[in-house]
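Welcome to a short guided tour of a protein model. Take a moment to look over the sequence and the structure, then read on.

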Amino acid sequence: FFLALRPAVVLLERPTNNARGVSVDDPRIHIRELLILPNLQSTMSTSNPVLAIVKNLSPHDMRVVSLVAAGVVLGHIVAPVVTWTAKLLLGTLNVVTGRTSACTHGHQVRMHAIRVGPGEELKSKLMAFVAERQLSAAAVVTCCGSLDRATLRLANASKDSAEDEDVLYMKERMEILSLVGTMSANDGGHLHISLGDKDGNVVGGHCVGDMNVFTTAEVVIAEIVGANFHRNFDSDTGYKELCVTSR
């Protein structure tokens, strides 16, 4: 290892003039030029036995040894980055910091599609779908369709709100502009929706229920394999909040 590394170090650090008349100290010189200039061997002292061996290498061997040394140095830099990336892609990187729980599983995501028909309640239908297939960690990727009835909890609601306070009851035809959230067969779900009325006005909030489908609701659900979604009571919010763990 030292035999491979030392020539590259000498080539890179020894100030001298090479056969092309370019100083090694000149910042314009490229590493590639340093590695392919065998004439720099003539500047090496033979008092060091290792350098004596290097001095006797042919120009071709000198290039090979220098390139190997450069590869070794780069390997020490690149290897940790490659290892971290592999762990991320293979789903073995877990992060838990304070009250934040996260589990990265990028290697296996199964996609599911479901169409909810007229007159069916959207939220309960999706929860039944997740429970039937025992999806322990699922997320709504996209949804398009329409509703003729919906009950939403608005942003100002809190655990101390009155029953009808900050809750919106809608009975009109509305386009589903977006539906997002997380679901689990183990512990329920959390869905938010945005709806557009006949005039193009948009309202959104937490899906309480009574989300009655008018024509259709076309939903794509992603299943995160190897993860579990649970909901534990959070005294700060007054609600059950998401907790992410590995299986």
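In which strand does I176 lie? The answer is β6, the strand covering residues 174–184. Before we go on, please keep in mind that this is a predicted model.

## A residue on the inside: I176

Is I176 buried or exposed? With a relative accessibility of 6%, I176 counts as buried, because the cut-off for that word is under 20%.

I176 also has plenty of company. Leaving aside residues up to four places away in sequence, I176 touches L122, the run C143, C144, G145, S146 and L147, then I193, S194 and L195, and finally A217. One of these partners deserves a second look: S194 sits 18 residues from I176 in sequence, yet their C-alpha atoms are 6.3 Å apart in space.

## A polar partner for H112

Next, find H112 in strand β3, which spans residues 109–116. H112 has 17% relative accessibility and so counts as buried.

Which side chain makes a polar contact with the side chain of H112? It is that of E223, at 3.0 Å. E223 is also among the residues that H112 touches, once residues up to four places away in sequence are set aside; the others are F129, R133, L135, V219, V220 and I221.

## A hairpin made of β9 and β10

Now move along to β9 (residues 227–234) and β10 (residues 239–246). How many bridges join these two strands? There are 8, and the strands run antiparallel. One bridge pairs D234 with Y239 in β10.

Together β9 and β10 form a hairpin, with 4 residues between them. In the turn you will meet G238, whose phi is positive, at about 85 degrees.

## Positive phi without glycine

G238 is a glycine with a positive phi, but two residues that are not glycine have a positive phi as well. Q134 has a phi of about 55 degrees, and the phi of D210 is near 55 degrees.

Where are they found? Q134 is in the loop between α5 (122–132) and β4 (138–153), whereas D210 lies in strand β8, residues 202–224. Their surroundings can be compared too: Q134 counts as exposed because its relative accessibility is 55%, and exposed means over 50%. D210, with a relative accessible area of 32%, is partly exposed.

Key
Residues are numbered from 1 along each chain as its sequence is written. This is a predicted model: local features need pLDDT of at least 70, side-chain atom pairs count only at pLDDT 80 or more; totals for chains, interfaces and linings use all residues. Side-chain values use heavy atoms; hydrogens and water are left out. Buried means under 20% relative accessible area, exposed over 50%, partly exposed in between (1.4 Å probe, protein chains only). A polar contact is a pair of N or O atoms within 3.5 Å; within protein, one must be able to donate a hydrogen and the other to accept it, and residues adjacent in sequence count only if both atoms are side-chain atoms. Contact means heavy atoms within 4.5 Å. Two strands pair if DSSP finds at least two bridges between them.
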